[in-house]
Amino acid sequence: MRAPSHVHQGQRQRIHPRDTLLQQKLQESNSRLYSDVGQTLRQVYGNASRELCATAQLNTSQSAIINASHSIRLILDDLKAVSEKIDIITSCHLLPDININNPVNNTTLVP
């Protein structure tokens, strides 16, 4: 945003002696308005920038949660498959009992 041609940025406006009181008041009001508009725009853009950063962080978090949820679902599917295979193995009576001799106690273990 450019400063009005009669006001240099960072300087106070000069009031010419031949300006009427109304012109002086208008110039002062215009200077205040210019300053207020500039400050408001800086605040709006600053707030928007912070909101964009927060939105980006939320998107990153959402993506991580989705990935974690997918991984958990795959793990649960794998666990279910392992559980089913263990059930098949334990329910199968085709395998003979295996006896293991323990040389320390001289006892026989039957699983």
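**Exercise 1. How many salt bridges does the count come to?**

Solution. Start with the rule: a salt bridge is a side-chain nitrogen of Lys or Arg within 4 Å of a carboxyl oxygen of Asp or Glu. By this rule, the count comes to 1 salt bridge. Next, find the partners: the side chains of Asp77 and Arg73 meet at 3.4 Å, N to O. Both residues lie in helix H1, 4 residues apart, about one turn of the helix. An α-helix has 3.6 residues a turn, so residues three or four places apart point the same way.

Before going on, note that this is a predicted model, where local features need pLDDT of at least 70 and side-chain atom pairs count only at pLDDT 80 or more, while totals for chains, interfaces and linings use all residues. Residues are numbered from 1 along each chain as its sequence is written, and side-chain values use heavy atoms, with hydrogens and water left out.

**Exercise 2. Describe the elements of the chain and the confidence in them.**

Solution. First, list the elements: the protein chain has 1 helix and 2 strands, in the order α-β-β from the N terminus. Helices (H or I, at least four residues) and strands (E, at least two) are DSSP runs, numbered from the N terminus. Then turn to pLDDT, the predictor's confidence in each residue, from 0 to 100. Its mean over the protein chain is 83, and 76% of the residues reach 70 or more. Among the elements, H1 has the highest mean, 95, and strand E2 (residues 107-109) the lowest, 53. Where pLDDT is low, the predicted coordinates should not be read in detail.

**Exercise 3. Check the span of H1.**

Solution. The expected span of a helix is 1.5 Å times one less than its number of residues. For the 71 residues of H1 this gives 105 Å; the end C-alpha atoms are 104 Å apart, which agrees.

**Exercise 4. Sort some residues by exposure.**

Solution. Take the cut-offs first: buried means under 20% relative accessible area, exposed over 50%, and partly exposed in between (1.4 Å probe, protein chains only). Of the 111 residues of the protein chain, 6% count as buried. In H1, Gln24, Gln27 and Gly38 are buried. Now try the salt-bridge partners: Asp77 is partly exposed because its relative accessibility is 40%, and Arg73 is partly exposed at 43%.

**Exercise 5. Where does Thr40 lie, and which backbone oxygen is 2.8 Å from its side chain?**

Solution. Thr40 lies in helix H1 (residues 21-91). At 41% relative accessibility, Thr40 counts as partly exposed. The backbone oxygen of Asp36 lies 2.8 Å from a polar atom of the Thr40 side chain.

Key: Polar contact = N/O pair within 3.5 Å; in protein donor to acceptor, adjacent residues only side chain to side chain.
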